[in-house]
Protein chains: 2
Amino acid sequence: MPSETSFGWQDARDEALRRIRARDWPPGELIPNEADLAAEWGCARATVNRALRDLAEAGLLERRRKGGTRVVLTPLRKATLEIPVIRQEVVARGATHGYALIDRAPGPGPAEVCRRMGLAAGTGLLRVRALHLSDGAPHVYEDRWLNPAAVPAVLDLDLARVDANSWLVQNVAFTRGDLALGAVAADAAIADALRCAPGSAVFAMERITWTADQAITLVTQHYAPGYRMKTSF
Amino acid sequence: MPSETSFGWQDARDEALRRIRARDWPPGELIPNEADLAAEWGCARATVNRALRDLAEAGLLERRRKGGTRVVLTPLRKATLEIPVIRQEVVARGATHGYALIDRAPGPGPAEVCRRMGLAAGTGLLRVRALHLSDGAPHVYEDRWLNPAAVPAVLDLDLARVDANSWLVQNVAFTRGDLALGAVAADAAIADALRCAPGSAVFAMERITWTADQAITLVTQHYAPGYRMKTSF
DNA sequence: CAGTGGTCTAGACCACGGT
DNA sequence: CCGTGGTCTAGACCACTGT
């Protein structure tokens, strides 16, 4: 007789996925409600809920109270990018990580930087430029603006010995961030730091991190030519 | 008297988050088990479970059976990238989307392409190069390899009228993909298509999409200079 | 072995939002 | 109004794994 283990939420998710892919539940169409599926699959409604919620988070279903659940027309794919802490990323690859402070300069921030950070123009900031090395070779050139109003301790930090990236991650609790990825041509400073030709195509990642209301830092990290950021979806 | 509504899973998550940020639960330390927290917060264990599972998925907690739950040392931040369907992305910005087929050529795939797609060297593929326009201006130059063995219908597709991107999304059920982001210097073909200077720094996104076992397509999309891909975390 | 998280259940109440 | 998903509960069994 059926000594099957129970129909778990992953089974429910897989079966729903199968029906979506098989066009058994066509794009844009309503699917049966949770109670009916629970009855059909011989499990509790909570189990169906967990499964369908998972698919909804993955972007395959749209769920609305009273409106029911329907298959999304064009499944928008989402990929999860892990934002690397450079040092960890390098070490994880089995390479040795090096760090060199290039420049540290307190002073008023440029208007554009202050605006992006939600600060009054001319607010006093700390600019830090540094280079990360991987097995001795230039890996990432980092141009950072720090907001001392949000993190006073950075003014006393020995940035020649500790990289801001690692220190912030372990000592400042930020709540959210904005991220932008792009490509830029290496200017003199970048080319000099990364030891590449001026004008080289460089992958750049810009981040602004915030506490509840204050910007902590705006940083742009320029990766040595050829770098590729990889993930799956 | 306490007419408070019940202590829901989001309340539990917020309180746990507060304790983590306040170093009330220090990095690396074990936190109380679910049963204890449920008792303390006056809710069911399932509610605590939902809250802590959420924080674990966010990368703030590590949970192991019997091992308990501990605060992650260096909260690895994750950002979710939405992989754009170019046409939709353009239209969503309120711009008009244009599409032009540049080249369509069946033939054996280069060794490197076949290798990346997990195919035997020299497998017959279909190469399609196309340009997406935003309000008439070059936006994305797309260089694509399609595997007819996985999607025979592409051979009969009128790629001059339909862009492969949109068609695939709506007609092929893929299961997973690999993604790589980087910067490249525009070669002649790219510069010509995007109407930029050769050597310009161009943001490139490469994707390989798979069904259960077969590669469907390998595509590299080159964005016009200045493009930034944005998200939050 | 024993403690912890992972999951399922049956039932209940509620919030939202089409009709 | 009333159907649907969102969530909570109390209890139970199980899977994994540290000790």
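This tour moves from the aromatic rings of the protein chains to the surface beside DNA strand C. Keep in mind throughout that the model on your screen is predicted.

**Aromatic rings**

Begin with the aromatic side chains, of which a search of the whole structure finds eleven pairs over all chains. Select A:Tyr223 and A:Tyr227 and look at how their rings face each other: the centres are 4.1 Å apart and the planes meet at 20 degrees, so this pair is stacked. Both A:Tyr223 and A:Tyr227 are buried, and it helps to hide any surface before you look for them.

Next, select A:Phe233 together with B:Phe174, whose ring centres are 6.4 Å apart and whose planes stand at 85 degrees, so that the pair is edge-to-face. Colour the model by chain at this point, because A:Phe233 lies in the segment after strand 11 (228-232) of chain A while B:Phe174 lies in the loop between helix 6 (164-171) and strand 8 (176-185) of chain B, and the pair therefore joins two chains. A:Phe233 and B:Phe174 are both buried.

Now return to the two tyrosines of the first stop and widen the selection. Which residues form one aromatic cluster with A:Tyr223 and A:Tyr227? They are A:Phe203, B:Phe203, B:Tyr223 and B:Tyr227.

**A charge over a ring**

Select A:Trp9 and A:Arg50, where the arginine lies over the face of the tryptophan ring, at 4.1 Å from the ring centre. In chain B, select B:Trp9 and B:Arg50, and you will find B:Arg50 over the face of B:Trp9, at 4.1 Å from the ring centre.

**The surface beside DNA strand C**

Keep A:Trp9 selected and show DNA strand C, which is surrounded by 23 residues, the closest being A:Gly8, A:Trp9, A:Ala44, B:Arg45 and B:Lys66. By kind, the residues of this surface divide into four nonpolar, eight polar and eleven charged. Helix 3 (45-57) of chain A is one of the elements that supply at least two residues here, as are helix 3 (45-57), strand 2 (61-64) and strand 3 (68-71) of chain B, and the largest share, four residues, comes from helix 3 of chain A.

Which part of the DNA lies within 4 Å of the protein? Of the atoms of DNA strand C at that distance, 70% belong to sugar or phosphate, and the rest belong to bases. To see individual contacts with phosphate oxygens of DNA strand C, start with a backbone N or O atom of A:Trp9, which lies 2.5 Å from one. Then select A:Arg64, where a side-chain N or O atom is 2.8 Å from a phosphate oxygen of the strand, and finish at B:Asn49, where a polar side-chain atom lies 3.4 Å from a phosphate oxygen of the strand.

Definitions and conventions. Residues are numbered from 1 along each chain as its sequence is written. Chains are lettered from A and ligands numbered from 1 in the order in which they are written. This is a predicted model: local features need pLDDT of at least 70, side-chain atom pairs count only at pLDDT 80 or more; totals for chains, interfaces and linings use all residues. Side-chain values use heavy atoms; hydrogens and water are left out. Rings of Phe, Tyr and Trp (its six-membered ring) pair if their centres lie within 6.5 Å; planes under 30 degrees apart count as stacked, over 60 as edge-to-face and the rest as tilted. Buried means under 20% relative accessible area, exposed over 50%, partly exposed in between (1.4 Å probe, protein chains only). A charge sits over a ring if NZ of Lys or CZ of Arg is within 6 Å of the ring centre and within 35 degrees of the ring normal. A residue is near a molecule or strand if one of its heavy atoms lies within 4 Å of it. A polar contact is a pair of N or O atoms within 3.5 Å; within protein, one must be able to donate a hydrogen and the other to accept it, and residues adjacent in sequence count only if both atoms are side-chain atoms. Ala, Val, Leu, Ile, Met, Phe, Trp, Tyr, Cys and Pro count as nonpolar, Asp, Glu, Lys and Arg as charged, and the others, Gly among them, as polar.
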